[in-house]
Amino acid sequence: MVGLKPSEVPPTTAVKCLGAGTAACFADLLTFPLDTAKVRLQIQGENPAAQSVQYRGVLGTILTMVRTEGPRSPYNGLVAGLHRQMSFASIRIGLYDSVKQFYTPKGADNSNIAIRILAGCTTGAMAVTCAQPTDVVKVRFQASVRLGPGSHRKYSGTMDAYRTIAREEGFRGLWKGTWPNITRNAIVNCAEMVTYDIIKEKLLDSHLLTDNFPCHFVSAFGAGFCATVVASPVDVVKTRYMNSPPGQYRSPLDCMLKLVVHEGPTAFYKGFTPSFLRLGSWNVMMFVTYEQLKRALMKVQMLRESPF
């Protein structure tokens, strides 16, 4: 590593995991209201408590929530969201390159698209398995409606939500919706990581852009759009199933069939606009921050290892 710049030194797995988790938390802080609006739009028509409140569009949903539930309502579930990102993103993004290298045959110059997709599916599934309880709690908070000062929430706080769900629904309740979430996040992770990987590689190989902010921005924007298009149907089913009371749906497949029968196939793309606004902006903020954090962390590591 002597004589190399931080940008030229391959980041370690620990640096990637720490950088990915931190960057994802930063992106969540800035885009969380869009995610909450997406959840409210996705469950509209299902939640009896929300029958008197109709949401229209992204901005309309956020404004309605602020007016009826207070200015802090778009950030319901933020703590669980940060718990989720620190564990979830660290695995699915931080371990992506390592898993991709593991699947790549020895002697191969580059990983083909099948290997990249397999790596994305693997890290996405691993991340969901570890972080599912945080996602369940986040969705429950985002979906809960509080109308007026006299009403109250089911959970007094994030830790109370973990305890209450475990007590009332068993520990299986904390992993409710794991299979649709694994499906959803395998798809999202493939779309995000593989698209970002390929676009960035093509831009660098063709010398259209260098490895800097414009390259990261374009790659991340493309990744966010692809992820939204392919993952929206699974995301709607996942949100409905995770937010449902015990017994409402027999399985994720039952949830999907009832959704089609009662609301039509267009229901699979409920909340598409906030999903895209959120995933697009989230990807841009996360990947740009992630790339800068990797370089900064490697610079710190090099300074610590330097004898001078």
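**A surface patch, two cores and a charged network**

Val218 is a good place to begin a tour of this structure, and it sits in helix H9, which spans residues 213–243. With a relative accessible area of 39%, Val218 is partly exposed. Together with Phe213, Phe217 and Phe221, Val218 makes up a nonpolar surface patch of about 370 Å².

The model is predicted, and a word on confidence is helpful before going further. The mean pLDDT of the protein is 84, with 90% of its residues reaching 70 or more. In the protein, helix H4 (residues 96–103) has the highest confidence, at 93, and helix H11 (residues 272–305) the lowest, at a mean of 85.

Turning to the interior, the largest nonpolar core holds 28 residues, and those touching the most other members are Ile93, Trp282, Met286, Phe287 and Tyr290. At least two residues of this core come from each of helix H1 (13–43), helix H3 (78–92), H4, helix H5 (113–143), helix H8 (178–205), H9 and H11. The greatest contribution is that of H11, which provides six residues. For Met286, setting aside neighbours within four places in sequence, the contacts are Ala23, Ala24, Ala27 and Ile93. Another core of twelve residues lies apart from this one, and its members include Val137, Phe141, Ala166 and Met242.

Helix H11 also contains Gly280. Gly280 counts as buried because its relative accessibility is 4%, under the 20% cut-off. Beyond its neighbours within four places in sequence, Gly280 is in contact with Gly224 and Ser275. Ile62 is 218 residues away from Gly280 along the chain, and the C-alpha atoms of the two are separated by 18 Å.

Charged side chains come next. Side chains of opposite charge can pair when their charged atoms come close. Across the whole structure, 21 salt bridges are found. One network of salt bridges links Lys16, Asp97, Lys100, Arg116, Asp197 and Glu201. Lys100, a residue of helix H4, meets Asp97 in a salt bridge with an N to O distance of 3.8 Å. The two are separated by about one helical turn, because they are three residues apart in helix H4. Lys100 counts as buried, at 13% relative accessibility, whereas Asp97 is partly exposed, at 22%. Leaving aside neighbours within four places in sequence, Lys100 is in contact with Ser111, Ile115, Arg116, Ala119 and Asp197.

Arg116 takes part in two of the pairings described here. In its salt bridge with Asp197, the closest N and O atoms are 3.5 Å apart. Arg116 lies in helix H5 and Asp197 in helix H8, so this pair ties together parts that are 81 residues apart in sequence. Arg116 is buried, at 5% relative accessibility, and Asp197 is buried as well, at 16%. Arg116 also forms a salt bridge with Glu201, with 2.9 Å between the closest N and O atoms. Here too distant parts of the chain are linked, with Arg116 in helix H5 and Glu201 in helix H8, 85 residues apart. Glu201 counts as partly exposed, at 24% relative accessibility.

Helix H8 is home to Thr183 as well, a partly exposed residue at 40% relative accessibility. The C-alpha atoms of Thr183 and Asp211 are separated by 32 Å, the two being 28 residues apart along the chain. In the loop between H8 and H9 is His207, which has a positive phi of about 60° although it is not a glycine. His207 counts as exposed, at 70% relative accessibility.

How values were computed. Residues are numbered from 1 along each chain as its sequence is written. This is a predicted model: local features need pLDDT of at least 70, side-chain atom pairs count only at pLDDT 80 or more; totals for chains, interfaces and linings use all residues. Side-chain values use heavy atoms; hydrogens and water are left out. pLDDT is the predictor's confidence in each residue, from 0 to 100. Helices (H or I, at least four residues) and strands (E, at least two) are DSSP runs, numbered from the N terminus. Patches are made of residues with over 30% relative accessible area and no salt bridge: like charges are joined within 9 Å, nonpolar side chains (Val, Leu, Ile, Met, Phe, Trp, Tyr) within 5 Å. Accessible areas come from the Shrake-Rupley method with a 1.4 Å probe; for residues, only the protein chains shown count as cover. A salt bridge is a side-chain nitrogen of Lys or Arg within 4 Å of a carboxyl oxygen of Asp or Glu. Buried means under 20% relative accessible area, exposed over 50%, partly exposed in between (1.4 Å probe, protein chains only). A nonpolar core is a set of buried Ala, Val, Leu, Ile, Met, Phe, Trp, Tyr and Cys residues joined through side-chain atoms within 4.5 Å. Contact means heavy atoms within 4.5 Å.
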